Amino acid sequence: MFDSLSDRLGGVFDKLRGRGALKEQDVRDAMREVRIALLEADVALPVVRRFVDQVTEKAIGQEVLRSVTPGQQVVKIVNDALIETLGGETTPELDLNATPPVVIMMVGLQGSGKTTSTAKIAKLLKEKHGKKAMMASLDVNRPAAQEQLKILGEQVGVATLPIIAGQQPAEIATRALHAAKLQAFDVLLLDTAGRLHVDQQLMDEMKAVSAISVPRETLLVVDSLTGQDAVNVAQSFAGQVDLTGVVLTRMDGDARGGAALSMRAVTGKPIKFAGTGEKLDAIEVFHPSRVANRILGMGDIVSIVEKAAETVKIEEAEALAKRMEQGKFDMNDLRMQLKQMQNMGGLGALAGMMPGMKKAKAAMQSSGMDDRVLLRMDAIIGSMTVKERANPALLNAKRKIRVANGSGTQVQDVNKLLKMHMEMSKAMKQIKKMGGLKGLAAMFGKGGIDAAMPGLGGALGGAGGIPDLSKFGKK
């Protein structure tokens with residue numbers, strides 16, 4: 001979403017970092033380019049003015065211009081200002097400290113992704129917070145809106161209020177509250193109706209539902225693809241309803257990012273969640289500092305680690321650790337790692353969170369790498385026999401031709417995969433020689449993995465044992 005903005009800002013800061021000393025005019029010229037980049041990203045003009053003035057004031061201070069690395073200092077000031085604009089260092093969380101059932105009311109225009117976001121948040125509350133949640137659709141205008149929420153509820157394993165035809169939103173809200181209390185639900189999510197534009201009828205309906213249900217959280221769902229208009233919608237709702245937060249949908253799209261950067265500053269309401277895809281688990285808590293780091297190409301390693309913790313099965317990780325201790329690593333282990341990468345969102349999602357992500361993505365594109373690489377590699381391993389997977393040394397020329405034909409790939413692709421496996425296998429043997437994982441952990445305190453064992457970081461990919469795929473996509 002922030003690709004073009006990251007490109008522009010990256011170019012500005014590369015120039016600053018390339019100079020040993022900075023003059024005040026250098027900083028002002030850079031800030032002019034930052035201002036243009038933010039305006040092109042569709043950030044609201046008052047927000048841009050405030051942001052640039054704040055950064056310029058700090059960046060032309062004597063302690064910055066006379067520091068050892070003034071370019072880096074300016075980048076840090078911009079990073080801090082971005083975090084503040086997006087909502088500050090603290091991550092806004094849902095307020096669930098109330099007598100159950102805690103009511104969360106979802107509001108927004110039609111087509112913003114309200115119903116899907118309701119199901120996503122219900123799934124999140126159930127799986128990560130251990131809450132017993134129920135959803136109720138109050139949308140009696142849009143055809144099949146109530147049925148849609150019911151189907152989504154079945155998919156995520158969350159209860160939905162039974163549909164009674166002909167009931168009005170206020171009646172449904174009252175029935176939902178009674179049902180949630182009787183069945184001892186912790187959280188009740190109300191999916192209200194939307195309109196194509198903000199009108200008084202929509203506001204009156206929301207106020208009536210709010211008066212009945214007394215929601216602890218009122219979340220406004222806005223589509224980030226609508227750009228600056230999303231901010232205008234948020235202002236309209238904030239003036240009528242007591243909003244507690246914003247859910248930005250389609251953060252994975254090709255929007256210019258202005259809505260995200262303007263939302264908090266213009267409305268004063270925190271962005272609590274970001275929708276990052278169509279799947280029902282594609283929603284994440286909005287961390288201002290992590291998003292700022294991604295915009296400036298600093299990466300988001302914390303999110304990678306969290307994603308890995310969610311997707312990697314403990315038994316599989318323990319089994320692989322034992323094999324690493326013994327210096328063993330066969331094609332089945334490699335296949336398991338490739339599947340874990342797919343579960344974490346594929347190469348594109350991982351590259352987007354790595355430091356210097358723009359360069360990482362550009363390198364992937366230039367080498368012809370994409371998520372199909374993982375599928376091709378999995379197909380090659382799938383075309384091997386059980387014995388060949390356990391002992392890749394069995395693969396002679398004849399067998400390689402058979403595997404290539406069976407997987408719809410070329411013999412050179414099979415050779416590249418075998419070479420990757422060989423490099424990783426060597427790394428595992430080195431780990432065994434160093435006293436296993438405990439010995440490796442001790443080395444981390446003495447200059448990191450690359451200082452401990454040159455080349456191992458590259459062989460393992462440098463991130464939790466992810467294999468290095470850089471050579472696989474090349475012709």
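1. A starting point for reading this chain is how its parts meet: among contacts between residues at least 6 apart in sequence, 73% join residues at least 24 apart. The model is predicted, and the protein chain averages a pLDDT of 77, with 72% of the residues scoring at least 70. Caution is in order for residues 439-466, where pLDDT stays under 50, although the model has 42 contacts beyond four places in sequence for that stretch.

2. As for overall composition, the protein chain holds 24 helices and eight strands. Of its 475 residues, 49% are buried, while the chain exposes about 22500 Å², of which carbon and sulfur atoms supply 53%.

3. The eight strands form an open sheet with mixed pairing, and following the order β3-β2-β4-β1-β5-β6-β7-β8 is a convenient way to trace it in the viewer. The edges of this sheet are β3 (159-160) at one end and β8 (283-285) at the other, each of which pairs on one side only.

4. Strand β1, which spans residues 102-107, is mostly covered, since six of its six residues are buried. Val102, Ile104 and Met106 point one way from β1, whereas Val103, Met105 and Val107 point the other way, and all of these are buried. On one side, β1 is joined to β4 by five bridges in a parallel arrangement, and Met106 stands opposite Asp191 in β4. Strand β1 also pairs with β5 in the parallel sense, over four bridges, with Val107 standing opposite Leu220 in β5.

5. Continuing along the sheet, strand β5 (residues 217-223) runs parallel to β6 and is joined to it by five bridges; Val222, for example, has Leu248 in β6 as its bridge partner. Because five of the five residues of β6 (residues 245-249) are buried, this strand is largely enclosed by the rest of the structure. Gly245, Val247 and Thr249 point one way from β6, while Val246 and Leu248 point the other way, and all are buried; Leu248 is thus both the bridge partner of Val222 and one of the buried residues of β6.

6. The pairing of β7 and β8 is antiparallel: three bridges join β7 (residues 271-275) to β8, and Phe273 stands opposite Val285 in β8. The UniProt record, an unreviewed entry, carries the annotation "domain: SRP54-type proteins GTP-binding" over residues 270-283. In the model, residues 270-283 are 0% helix and 43% strand, and the end C-alpha atoms of this segment lie 16 Å apart.

7. Among the helices, α7 (residues 145-156) lies across β2 (133-137), β3 and β4 (187-191), and runs at about 160° to β2. A reader may wish to look at this helix together with the edge strand β3, which pairs on one side only.

8. Lys123 deserves a separate look; it is placed in helix α6, which covers residues 114-128. Is Lys123 buried or exposed? Its relative accessibility is 16%, and because buried means under 20%, Lys123 counts as buried. Leaving aside neighbours within four places in sequence, Lys123 is in contact with Val156, Val158, Leu280 and Asp281. Lys123 and Val156 are 33 residues apart in sequence, yet their C-alpha atoms are 5.8 Å apart in space.

Key. Residues are numbered from 1 along each chain as its sequence is written. This is a predicted model: local features need pLDDT of at least 70, side-chain atom pairs count only at pLDDT 80 or more; totals for chains, interfaces and linings use all residues. Side-chain values use heavy atoms; hydrogens and water are left out. pLDDT is the predictor's confidence in each residue, from 0 to 100. Contact means heavy atoms within 4.5 Å. UniProt positions are given in the numbering used here, feature names are shortened, and annotations may be inferred rather than shown by experiment. Helices (H or I, at least four residues) and strands (E, at least two) are DSSP runs, numbered from the N terminus. Two strands pair if DSSP finds at least two bridges between them. Axes are lines fitted to C-alpha atoms, for helices over the stretch in contact, and angles run from 0 to 180 degrees between N-to-C directions. Buried means under 20% relative accessible area, exposed over 50%, partly exposed in between (1.4 Å probe, protein chains only). Accessible areas come from the Shrake-Rupley method with a 1.4 Å probe; for residues, only the protein chains shown count as cover.
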